[in-house]
Amino acid sequence: MDKLPPEILFAILEYTVVAFYCNKNELLKLRTTCKLFDEILKPYALRTLQLEFTRLDKVERALKPPDDGALRRIGHLCRALYLDMMVVRDEGEVRFLDEMFDRVPTMGAFLSGLRDRYCMNESSFTEIDYRRRLGTMLEHAPNVTAVKLNLPFQLVSPGQYRAATMILGNSFEALAQRPEGSETLKTLVLENLSDSSVVRLWHNPQDVKNIIGAFKDLRHLFMSVRRHEEDQTHTVNFRNRLWEMISKAEKLESLCLVDLDADEKLHRDIKTSSQRDWSLEDWQFRCIPTIRKPPKSVLPNLAFLELRQVEVMGCGLLSMLKCFCHSLRELYLDGVYLKTVYSAESPQDANNTLWIGLPNVRPPLNHRWVATYLRQIRTQLRVCRVANLGYDQYVMGEEPANNATYDLTDPCGLSRTLEQRFVEVAMGIKQPPTADGSPVAYWPEEESQTWALADRDAASDVPCIEDWHATRYLAAPERNPTSSWQRSIDGQFPNCNSFTLNMLHAFADNAYNGMAMLNQIADQYAAAALDDGAATDEVAALIFGPPEDVGGGNDFDEVTEWM
């Protein structure tokens, strides 16, 4: 080993780091090979420090106390923190499950374990313990510039919970009060951020001050958002508070927003709701919060924007794009549904909101054609990639069936996808003629807006799917400026915590078993009651209580898919 030139040895070990991409523990073992290996590999292997449930839980800490001496020795090498609190439960959540499984005695041990071990309390860990531990890590790791925080993942969501808010508030406080001389925070990933947490924190002036301190130097922000309240006033409040929070990052260069409430299991070009499913107001308020009234700072440096797995109102999306049009250089849309209202009394209004628009027609007044609008507001996009675009249609009246096709059909007869055509129109690429030679063009609202007309010839070679498809394009981390930190906060190793995965699966499995036993009890009561002539509704009320007492929803199916 001593005979190898340093350059070759460094190259070998750098290749080894790449080879152990998904196996960081094995790389840590290589450090023990020799002193030279240790010195070379330490900056890679120790780039990210992790804080998760087992490092806080008093039972686990009694078995394996934290080594603060080791933290002091290696802290200066750390560039990122991975804070995984997804396994933490909330007293309200456990209380809800306790009431649900009241008639299933065998679930008692499971629920007791959730309350005593996985809720924040004196027997597990408190918010003071969390704040103190995170503060110690930041004190000994002054070079941290990136943080990923996974907030608690709730199995059921019948109401407001406090655990996630306490963890989020204490995290902001620790980040805002880092020791003098520490590097500023440049990258922040917030997973499973709830509407309740955002609104609650904004009611406390000290929390707002901490948010400002944590966000002031951010360059990259990723947020996956989950909503637990459907009240319209709360929704408006959440939208305003969320964008006020984001606007505190005045130096922000990239932003990614993901809606965890949207259904991502199966993509459809058109998904339909009607008055049978929601009121029009409730359907409208299910969209991702977008800027309506711009905050004082409209993120003047935002160059990269990604929206993923979201539903948007056309006016909200256009307002957001207009706010960022002067700085935006790259736009990524993946799994985005444009909300549109269809009425049988005025079917022509179905084209009021379109992804691309209609060819050879100027957009009428109050029509929102997104790709055409991007040209009108003079965006200087150098990259535009989209995937899985669709329409979220709300049908007025009793009968949801209709013949609306929007702009899903290629007017040139080439069977190009909506996504490919959107990118071409947004980027100003001239469209080919129809089969009979008629020209195809997308016009701006006013004849004087000549800058909005297509001015680029299509590439002569066969188009590649990566030329328009967001998922395929962003799969390469080196060209993903918006969401690569979700998978790897340090850009070196994927964020992975097998303990959290296993425990969430165990929680979900136990909850499923409890539901199965409830169904068995219901069947037994139903059979016995029917023999006695009781009505089915009476049986259900006997077992589960009045319908208004059940409430809530569950996210059991999401545990595997979301992880």
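Both Trp283 and Tyr394 are buried, and in this predicted model the two residues also make one of the ten aromatic pairs that the ring criterion yields. Alongside these ring pairs, the structure holds 26 salt bridges, and Arg378 and Arg479 each place a charge over an aromatic ring. The points below take the ring pairs, then the charges over rings, then the salt bridges.

**Aromatic pairs**

- The ring centres of Trp283 and Tyr394 are 5.2 Å apart and the planes meet at 40°, an angle that is neither under 30 degrees nor over 60, so the pair counts as tilted.
- Because Trp283 belongs to helix α13 (residues 280–284) and Tyr394 to strand β13 (residues 390–396), this pair ties together parts of the chain that are 111 residues apart in sequence.
- Trp355 and Phe422 form an edge-to-face pair, with 5.7 Å from centre to centre and 90° between the planes.
- Trp355 is found in the loop between β10 (353–354) and β11 (368–369), whereas Phe422 is part of helix α16 (residues 418–426), so the pair joins parts that are 67 residues apart in sequence.
- Trp355 has a relative accessibility of 0% and therefore counts as buried, and Phe422, with a relative accessible area of 0%, is buried as well.
- Ring pairs also link Phe53, Tyr118, Phe125, Phe499 and Phe507 into a cluster.

**Charges over rings**

- The charged end of Arg378 sits over the ring of Trp451, at 3.6 Å from the centre of that ring.
- Arg479 lies over the face of Tyr473, with 4.6 Å to the ring centre, and Arg479 also takes part in a salt bridge with Glu466.

**Salt bridges between helices and loops**

- Asp68 and Arg133 meet through their side chains in a salt bridge, at 2.8 Å from N to O.
- This bridge links distant parts of the chain, since Asp68 lies in helix α5 (residues 68–74) and Arg133 in helix α8 (residues 127–140), 65 residues apart.
- The two partners fall into separate burial classes: Asp68, at 28% relative accessibility, counts as partly exposed, while Arg133, with a relative accessible area of 16%, is buried.
- Asp455 and Arg375 form a salt bridge in which the closest N and O atoms are 3.5 Å apart.
- With Asp455 in the loop between α16 and α17 (470–474) and Arg375 in helix α15 (residues 370–376), the bridge ties together parts that are 80 residues apart in sequence.
- Asp455 is exposed, having a relative accessible area of 54%, whereas Arg375 is buried, having a relative accessible area of 14%.

**The Arg479 bridge and a charged network**

- In the salt bridge between Arg479 and Glu466, the closest N and O atoms are 2.7 Å apart.
- Arg479 lies in the loop between α17 and α18 (484–487) and Glu466 in the loop between α16 and α17, so this bridge connects parts that are 13 residues apart in sequence.
- Arg479 is partly exposed, with a relative accessible area of 30%, and Glu466, at 27% relative accessibility, likewise counts as partly exposed.
- Elsewhere, salt bridges link Lys271, Glu311, Lys339 and Asp392 in a network.

Methods. Residues numbered from 1 in each chain as written. Predicted model: local features only at pLDDT ≥ 70, side-chain atom pairs only at ≥ 80, totals over all residues. Heavy atoms only, no water. Phe/Tyr/Trp six-rings, centres within 6.5 Å; stacked < 30°, edge-to-face > 60°. Helix = DSSP H or I, 4+ residues; strand = E, 2+ residues; numbered from the N terminus. Buried < 20%, exposed > 50% of the residue type's maximum accessible area, 1.4 Å probe, protein only. Lys NZ or Arg CZ within 6 Å of the ring centre and 35° of its normal. Salt bridge = Lys/Arg side-chain N within 4 Å of Asp/Glu carboxyl O.
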